[in-house]
Amino acid sequence: MTDSFEADLDSLALPDSSYFLTQVGRRRLAFPSTEIAEVMLVDRSQVLSLPFYQPSLLGVVHVQGQLVPLVTLQVLLEGASGVTREVFNAVQLNASSQLAGIALVIDQLVGNCTAEQLAQDSTIEPFNPEIVPADLWQPRRWIPLAV
């Protein structure tokens, strides 16, 4: 009985070459399933803003005893003004990712695909962590207005 139960669980698991498909503005981005810790639903009222940082760094949210930075992909990819919805989705990356621990704000989770489907569909872009600028974590200087 246990063997068949484990076999059923194995059949539900995503293969290592699977990807989560997301929508960010007009783009469809694919994230390797091995790099995703969780998909979160975030209420805007739970976000602590970080003034003096780049607009793409929306703020931080408290998740399971940790502060998780929220990066708005639509601002980075399309220069949009940011998140306007009260509740939004975010993909938190795990320790195997270059951007371990951060959550990337997405418009919606579309589904999943295999590496073969990703290679064949030119409308899907694989997520590239290099789009997140290295200086994102550096606060901007506050410059007082001249009187």
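How many of the 147 residues of the chain count as buried? The share is 36%, where buried means under 20% relative accessible area, exposed over 50% and partly exposed in between, using a 1.4 Å probe and protein chains only. The model is a predicted one, so to speak of its local features takes a pLDDT of at least 70, and side-chain atom pairs count only at pLDDT 80 or more, while totals for chains, interfaces and linings use all residues. Residues are numbered from 1 along each chain as its sequence is written, and side-chain values use heavy atoms, with hydrogens and water left out.

On the overall layout, the chain has three helices and 10 strands; these are DSSP runs numbered from the N terminus, with helices being H or I over at least four residues and strands E over at least two. Read from the N terminus, the order of elements is α-β-β-β-β-β-β-α-β-β-β-α-β. Among contacts (heavy atoms within 4.5 Å) between residues at least 6 apart in sequence, 61% link residues at least 24 apart. The accessible surface adds up to about 9,200 Å², and carbon and sulfur atoms hold 53% of that; areas come from the Shrake-Rupley method with a 1.4 Å probe, and for residues only the protein chains shown count as cover.

Next comes strand β7, residues 87-93. Five of its seven residues are buried, so β7 is largely enclosed by the rest of the structure. Two strands pair if DSSP finds at least two bridges between them. With strand β3 (residues 36-43), β7 runs antiparallel over seven bridges, and Val 42 has Phe 88 in β7 as its bridge partner. Strand β8 (residues 103-106) also pairs with β7 in the antiparallel sense, over four bridges; here Asn 89 is matched with Ile 106 in β8.

Then there is an open sheet of four strands, ordered β9-β1-β2-β10, with mixed pairing. Its edges are β9 (108-114) and β10 (124-126), each of which pairs on one side only. From one strand to the next the twist averages 35°, based on axes fitted as lines to C-alpha atoms (for helices, over the stretch in contact) and on angles from 0 to 180 degrees between N-to-C directions.

Within this sheet, β1 (residues 18-24) and β2 (residues 27-32) are joined by six bridges in the antiparallel sense. Gln 23 sits opposite Arg 28 in β2, and Thr 22 opposite Leu 29. Two residues lie between the strands of this hairpin, where Gly 25 adopts a positive phi near 65°. On to β10: β2 pairs with it in the parallel sense over three bridges, and Leu 29 has Glu 125 as its partner there.
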